[in-house]
Amino acid sequence: GIPKSDFLSSLHLVGFSKGAVVLNQLLAEFGADSALEESPPFRLLSITRTIEWLDPGISDGNCVFLTDEDLLRMAASRFRTCHPITGLYVVLSPFQLALDSYEFDYPEDEEACTSEELGLDLLQSVMQEENMPLEVEYCCFNREPTMHTHFRVLKEFNIQHILRSVSEGEGGGQNQNKKVFKESRSIRHTITMTLSRTCVCM
């Protein structure tokens with residue numbers, strides 16, 4: 001089994017789909033002025049090694065990511081105090097993100113959002129200015145923008161690669177270039193907390 005000490009010393013937060021809402025709330029708590037050293041949010045942050053948004057999306061048309069720059073900058077400054085630095089990862093499929101180079105057509109009533117509309121451009125800009133690594137990966141862009149593709153992201157997601165990056169001291173997300181997933185992967189038997197309103201995977 002997994003020793004209890006592992007859960008108490010290292011935490012990886014994963015939000016799939018509408019689980020992004022939960023991650024954003026945590027991010028807001030990490031960036032709030034009230035997050036003092038002895039507060040629950042700060043203690044949680046101190047053991048958080050990575051935060052991963054897996055194909056995040058919400059159905060009310062609002063931005064998926066936080067748009068409060070002050071909160072984002074404060075959160076980034078606190079991420080940098082962690083050892084190793086908390087890694088930030090975003091994985092997007094054509095179900096949520098529209099790209100000009102995408103070869104398939106979207107249904108007229110299900111058009112995906114641009115990175116600007118999702119709030120990703122702002123998140124990347126702020127984190128870059130704050131010297132906070134953020135890695136964005138494209139997944140399943142060789143597939144049609146269906147719900148099946150959306151859930152395919154869970155199968156493709158490679159948390160083992162992320163865990164190796166952190167354990168090797170790379171700080172998580174050092175490469176800010178966008179990449180494409182090319183093979184099937186599994187997240188079974190990994191130490192991770194999955195926060196999602198639609199799916200829970202361990």
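Cys 139 is buried in this predicted model. Its relative accessible area is 0%. The closest cysteine sulfur belongs to Cys 140 and lies 3.3 Å from the sulfur of Cys 139. A disulfide requires the two sulfur atoms to be within 2.5 Å, so the separation of 3.3 Å is too far for a bond. Cys 113 is partly exposed, with a relative accessible area of 30%. The structure as a whole holds zero disulfides.

The chain is built from eight helices and six strands. Read from the N terminus, the order of elements is α-β-α-α-β-α-β-α-α-β-α-α-β-β. The two elements at the end of this order are strands.

Helix 7 spans residues 147-156. Its buried residues are Thr 149, His 150, Arg 152, Val 153, Leu 154 and Glu 156. In an α-helix, residues three or four places apart point the same way, because there are 3.6 residues a turn. The buried residues of helix 7 pack against three strands. These are strand 1 (11-16), strand 2 (48-54) and strand 3 (87-92).

Chain-wide values complete the description. The chain has 202 residues, and 48% of them count as buried. Contacts between residues at least 6 apart in sequence were also examined. Of these, 81% join residues at least 24 apart. The exposed area of the chain is about 10500 Å². Carbon and sulfur atoms supply 50% of that area.

Methods:
Residues are numbered from 1 along each chain as its sequence is written. This is a predicted model: local features need pLDDT of at least 70, side-chain atom pairs count only at pLDDT 80 or more; totals for chains, interfaces and linings use all residues. Side-chain values use heavy atoms; hydrogens and water are left out. Buried means under 20% relative accessible area, exposed over 50%, partly exposed in between (1.4 Å probe, protein chains only). Helices (H or I, at least four residues) and strands (E, at least two) are DSSP runs, numbered from the N terminus. Contact means heavy atoms within 4.5 Å. Accessible areas come from the Shrake-Rupley method with a 1.4 Å probe; for residues, only the protein chains shown count as cover.
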